[in-house]
Amino acid sequence: MPDQASDGTFEPTGAAPESSGAAPAVQVEGVWKRFGQQIAVNGIDLVLPAGRFIGLVGPNGAGKTTTLSMITGLLRPDSGRIRVAGHDVWRDPESVAEVKARIGILPEGLRLFERLSGRELLAYSGRLRGLPGAEVDKRATQLLDVLDLAGSQHKLVVDYSTGMRKKIGLAAALLHNPDVLFLDEPFEGVDPVSAQTIRGVLERYTTSGATVVFSSHVMELVESLCDWVAVMAGGRIRAQGPLAEVKGDAATLQEAFLELVGANGRAAAGDSLDWLGGGAQGDRR
């Protein structure tokens with residue numbers, strides 16, 4: 001487990017990637033973000049190794065989405081430095097453009113061009129990325145087939161189910177073969193069949209040497225997928241490192257997570273609701 005500070009919080013491990021000679025996929029140094037009086041991200045340091053399946057986990061409101069938005073160039077930090085694939089995200093417009101060419105993003109609540117068909121959406125996305133038309137068509141066909149969307153490729157996106165939207169969004173994010181793929185709650189609202197399909201594609205993607213960074217608050221999913229984890233709570237990084245290191249002596253990542261975010265004491269919070277479950281008939285006695 002990470003060391004516990006005197007104030008009761010857990011200090012970040014500062015774990016660097018294993019000495020494989022490869023540069024980290026993401027480096028975050030002293031990044032802050034405030035919305036009015038609310039501090040969303042509190043001076044975090046984060047080093048995410050390349051070629052790994054990485055989970056950024058935390059309770060609701062931990063700052064995960066804000067952190068990913070700053071890393072991917074969607075939200076400017078108040079201070080600090082962020083590098084992705086060796087490039088400074090916020091140094092200048094040219095640097096931002098270089099970073100965005102190397103990453104794929106599937107944000108939570110992704111808004112798609114709903115009046116395009118699935119294939120048209122991929123064709124449009126690929127051409128925006130500057131890929132040759134023939135290459136876009138070839139990759140789109142392969143992605144539609146692997147993600148089980150070939151039968152719906154000419155159907156308008158507005159008529160897609162939640163799972164289909166997630167899959168076509170993933171296809172668009174993968175089309176240009178990015179170095180790093182960022183996913184915000186990619187399995188939320190997705191049926192088990194679609195989730196298994198997405199999972200297979202992501203595992204194949206990381207096997208090729210690319211990096212996946214995804215946020216979630218479902219510990220069982222993270223534990224089954226990831227080999228590297230960062231735990232975030234209250235705008236701070238509470239721990240980061242290989243899954244086994246973050247788990248420590250805990251039996252599951254869920255147990256380690258509850259200890260790291262200081263939530264173990266809340267388990268008995270429902271004890272005060274002694275009236276709950278007795279039924280309305282008991283209230284009339």
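This section describes two pockets, the aromatic pairs and the surroundings of Gln240 in a predicted model.

The largest pocket encloses about 540 Å³ of space. Its lining is made up of 21 residues, and those nearest the centre of the pocket are Ile105, Leu110, Ser125, Arg129 and Ala172. Three elements, β6 (103-106), α3 (118-128) and α5 (162-174), each contribute at least two residues to this lining. Of the elements, α3 provides the largest share, with five residues. By residue class, the lining of the largest pocket comprises 13 nonpolar, five polar and three charged residues.

For the second largest pocket, the computed volume is about 420 Å³. The lining of this pocket consists of Arg139, Gln142, Leu143, Val146, Leu147, Leu174, Leu175, Asn177, Val201, Arg204, Tyr205 and Ser208. Two or more of these residues come from each of α4 (133-146) and α6 (192-207). The largest share belongs to α4, which supplies four residues. Seven residues of the lining of the second largest pocket are nonpolar, three are polar and two are charged.

Across the whole structure, three aromatic pairs were found. One of them joins Phe53 and Phe214 in an edge-to-face arrangement, with a centre-to-centre distance of 5.7 Å and an angle of 85° between the planes. Phe53 belongs to strand β3 (residues 53-57) and Phe214 to strand β8 (residues 211-216), so this pair ties together parts of the chain that lie 161 residues apart in sequence. Both Phe53 and Phe214 are buried. A pair is also formed by Phe113 and Tyr124, whose ring centres are 5.2 Å apart; the planes stand at 85°, and the pair is therefore edge-to-face, given that the cut-off for this class is over 60 degrees. The two residues are 11 positions apart, with Phe113 in the loop between β6 and α3 and Tyr124 in helix α3, and the pair links distant parts of the chain. Phe113 has a relative accessible area of 49% and is classed as partly exposed, because exposed residues are those over 50%. Tyr124, at 37% relative accessibility, is likewise partly exposed. In addition to the pairs, one aromatic cluster is formed by Phe53, Phe187 and Phe214.

The remaining results concern Gln240, a residue of strand β10 (residues 236-242). The relative accessible area of Gln240 is 1%, and the residue is therefore buried, the limit for this class being under 20%. The side chain of Gln240 makes polar contacts with the backbone at two positions. One contact is to the backbone oxygen of Asp45, at 3.1 Å. The other is to the backbone nitrogen of Val47, also at 3.1 Å. In addition, the C-alpha atoms of Gln240 and Ala230 lie 4.1 Å apart in space, while the two residues are separated by 10 residues in sequence.

Terms used:
Residues numbered from 1 in each chain as written. Predicted model: local features only at pLDDT ≥ 70, side-chain atom pairs only at ≥ 80, totals over all residues. Heavy atoms only, no water. Buried < 20%, exposed > 50% of the residue type's maximum accessible area, 1.4 Å probe, protein only. Polar contact = N/O pair within 3.5 Å; in protein donor to acceptor, adjacent residues only side chain to side chain. 1 Å grid on protein atoms, 1.4 Å probe; cavity = no way out; pocket = protein on both sides within 12 Å on 5 of 7 lines; lining within 4 Å. Points joined across faces, edges and corners; volume = space filled by probe spheres on them. Nonpolar A, V, L, I, M, F, W, Y, C, P; charged D, E, K, R; others polar. Phe/Tyr/Trp six-rings, centres within 6.5 Å; stacked < 30°, edge-to-face > 60°.
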